Amino acid sequence: MTAEIAIQARNVSHQFGEAGEARHVQALLDTSIDVARGELLCLIGPSGCGKSTLLNVMGGLVTPTTGSVTVAGKPVRGPMPRDLAFVFQESALFPWNTVFENIVVGMTFQGVAKSEREDRARRALRAVSLEQFAEHYPGQLSGGMRQRASLARALSLETGILLMDEPFGALDEQTRMVLGEDLSVLLSRSQKTIVFVTHSLGEAVFLADRVAVFSARPGTIKQVIAVDEPHPRKPSFMTAPKFHALRDQLYGLLHDEIRKAMAESGQTRRRYDDVANGADA
Amino acid sequence: MSIRARMPRERGLWSRIVQLTFLAALLLLWTMATTEWGVSHILLPRPLSVWHEFVDIIGSGEFLPDLRVTLGELAAAFAISFTLGTTLGYLISRSSYWIKVFEPLFAGIYSIPIILFLPLYVMLFGLGPASKIALGATISFFPIVLSTIVGFGYVDRTLVTAARSMGASDVQMFRYVLFPAALPVILAGLRMGFTVALLSVIGSETIASLAGLGHRIVNLAENMEMARMFGYIAFVVAIAVLLNTLVSRLEARGRWQ
């Protein structure tokens with residue numbers, strides 16, 4: 001690939017707890033990937049495969065046990081608020097602030113000059129069509145609107161990179177389809193680099209330029225599939241044969257991994273039961 | 001839709017009516033007991049003579065020195081427990097280890113009757129305001145420190161992570177995330193602390209003191225001036241209701257939930 005690289009992950013492994021401990025989990029094993037500038041990369045895989053961990057490592061929220069990540073050529077050693085912004089699955093909006101205040105506070109954290117904050121907040125709200133809800137509190141909004149507000153906060157930070165951790169995961173199917181379309185339109189305008197964690201095959205194919213498929217735990221990237229389709233993507237893409245072929249291909253890749261992940265979590269459960277019954281003692 | 005929207009207010013109105021009827025019934029029983037059923041006026045003065053005494057207490061301004069003592073003790077006790085409780089609570093909340101150590105410890109101490117320390121405090125600090133202040137501060141310290149630990153110690157991790165990812169400094173994290181998240185919980189603890197401080201200050205005045213509203217009430221009882229004693233009780237009730245309403249208002253203003 002000749003395109004400029006925005007994020008480069010090299011041999012990233014991460015484990016929670018020490019080997020031998022009961023809580024020890026090898027979340028991510030020797031994973032490497034390059035994210036090109038301006039592309040949308042989806043991370044998809046069974047539960048607990050380490051896709052969110054990889055996202056947090058990229059964003060400097062988690063320091064990997066081994067391996068390294070560089071963002072725009074700089075090694076990641078902690079949060080990089082000027083280079084990348086997060087959108088989390090659960091609404092991470094501050095419930096005591098209005099939507100507008102939430103966006104302004106984010107820019108305050110990032111260090112945006114005071115004179116610029118209000119203009120940028122308004123622009124971000126317009127981009128997600130929430131101007132009329134600026135003075136609402138998060139608790140007064142629907143789940144979909146809250147996630148749009150979270151997206152507006154991330155956009156206002158004007159970073160080159162967005163890291164999105166199942167941002168539509170808690171929403172119903174119809175809402176997430178509409179938000180997916182909006183995101184595709186937004187992406188085609190903004191030239192942002194986006195890494196997007198999802199559980200949904202359809203969402204991955206609809207949004208991504210490339211989809212990275214994770215294997216079951218210990219997770220690593222098993223295969224990367226390219227979706228060769230320009231943004232903004234139209235709803236009609238969802239009914240195209242190409243969409244279905246890609247979706248089926250993803251399903252084929254994931255199916256075995258999900259079975260494996262389920263079998264493993266079943267085993268884990270059995271082990272916990274043994275401990276509970278004193279069988280180990 | 002409109003019926004459902006109206007329900008809560010109507011239910012509120014109804015419970016108000018029931019409450020007022022209940023109080024009126026008590027007053028009626030009291031009147032009946034003193035006029036019809038021959039209960040001794042020494043044990044239970046008539047409502048009307050209590051009312052006259054109440055009006056006289058307020059009109060003459062006789063209550064002022066005692067009120068000043070009691071409110072002074074309350075203010076000092078609350079200032080001490082507020083300062084110590086919020087500071088210690090915040091420091092403890094910074095480490096999950098300290099939370100695990102101190103939260104059950106304080107909750108345990110809070111559940112024993114701290115009023116038992118009053119004789120000790122009187123020996124240490126004398127019969128004056130100092131022993132009342134010490135007791136009020138001790139009792140109100142616990143709800144304040146516990147709510148501060150819980151308020152700061154259990155802030156939603158997602159919000160902290162989000163703020164960190166946007167580059168929040170330590171000071172910004174406190175000002176924009178930890179403090180507003182903890183505030184409603186701490187305010188509830190402060191209100192509780194204020195109530196128990198008021199209770200213990202007046203309560204301990206009735207047990208061992210030189211001045212104050214509690215002292216005055218016991219004095220009147222010992223002199224068998226029952227109507228005036230009841231007048232003072234009514235006065236203390238009015239003050240307590242006033243203070244608690246004020247504190248609840250303040251609490252409601254700081255709440256976002």
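The C-alpha centres of domain 1 and domain 2 of chain A lie 24 Å apart, in what is a predicted model.

**Domains of chain A**

Begin by colouring chain A by domain: domain 1 covers 1-83 + 160-249, and domain 2 covers 93-158. Next, display where the two meet: ten residues of domain 1 of chain A are in contact with nine residues of domain 2 of chain A. On the domain 1 side, select helix α5 (residues 173-190) of chain A, which gives the most to this contact, with three residues. By class, that side of domain 1 of chain A comprises eight nonpolar residues, one polar and one charged.

**The six-stranded sheet**

Now select β6, β7, β8, β3, β9 and β10 of chain A. These six strands form an open sheet in the order β6-β7-β8-β3-β9-β10, with mixed pairing. At its edges stand β6 (84-87) and β10 (221-226) of chain A; each has a single partner strand, so one side of each is left without a neighbour in the sheet. On average, neighbouring strands in this sheet are turned by 15° against each other, direction ignored.

Move to the β10 edge. There, strand β9 (residues 210-214) of chain A and β10(A) pair in the antiparallel sense through five bridges. To locate one of the positions in register, select V213(A), whose bridge partner in β10(A) is Q223(A).

Add helix α1 (residues 51-58) of chain A to the view. This helix lies across β3 (40-44), β7 (161-165), β8 (193-198) and β9 of chain A, and it runs at about 150° to β8(A).

**Strand β1 and its partners**

Select strand β1 (residues 5-16) of chain A together with strand β2 (residues 25-36) of chain A: the two pair in the antiparallel sense over eight bridges. Within this pairing, I5(A) stands opposite A36(A) of β2(A). Then add strand β4 (residues 66-71) of chain A, which pairs with β1(A), also in the antiparallel sense, over five bridges. Here the residue to pick is I7(A), which has V71(A) as its bridge partner in β4(A).

**The nonpolar core**

Select M58(A) and display its surroundings. Leaving aside residues up to four places away in sequence, M58(A) touches I7(A), A9(A), V69(A), V76(A), L163(A) and V195(A). The largest nonpolar core has 121 residues, and M58(A) is among those that touch the most other members, together with C42(A), L43(A), V195(A), F196(A), A208(A) and V211(A). For the element that gives the most to this core, turn to helix α8 (residues 170-207) of chain B, with 15 residues. In soluble globular proteins, nonpolar side chains tend to be buried together.

**Chain B and the contact between chains**

With chain B shown, colour domain 1 (2-39) and domain 2 (60-253) according to the domain assignment. The centres of these two domains of chain B, taken over C-alpha atoms, are separated by 31 Å.

Next, select the contact between the chains, which takes 18 residues from chain A and 15 residues from chain B. On the chain A side, helix α2 (residues 99-110) of chain A supplies the largest share, five residues. That side divides into twelve nonpolar, five polar and one charged.

**A final stop**

Finish on helix α7 (residues 241-277) of chain A and select D248(A) within it. Is D248(A) buried or exposed? D248(A) is exposed, because 12 other C-beta atoms lie within 10 Å, and a residue counts as exposed at 12 or fewer. A distance to draw from here is the one to A85(A): the C-alpha atoms of D248(A) and A85(A) are separated by 32 Å, with these positions 163 residues apart along the chain.

Notes
Residues are numbered from 1 along each chain as its sequence is written. Chains are lettered from A and ligands numbered from 1 in the order in which they are written. This is a predicted model: local features need pLDDT of at least 70, side-chain atom pairs count only at pLDDT 80 or more; totals for chains, interfaces and linings use all residues. Domain bounds come from an automatic or database domain assignment. Two strands pair if DSSP finds at least two bridges between them. Helices (H or I, at least four residues) and strands (E, at least two) are DSSP runs, numbered from the N terminus. Two residues are in contact if their C-beta atoms, placed from the backbone, lie within 7 Å. Ala, Val, Leu, Ile, Met, Phe, Trp, Tyr, Cys and Pro count as nonpolar, Asp, Glu, Lys and Arg as charged, and the others, Gly among them, as polar. A nonpolar core is a set of buried Ala, Val, Leu, Ile, Met, Phe, Trp, Tyr and Cys residues joined through C-beta atoms within 7 Å. A residue is buried if 20 or more other C-beta atoms lie within 10 Å of its own, exposed if 12 or fewer, and partly exposed in between; C-beta atoms are placed from the backbone. Axes are lines fitted to C-alpha atoms, for helices over the stretch in contact, and angles run from 0 to 180 degrees between N-to-C directions.
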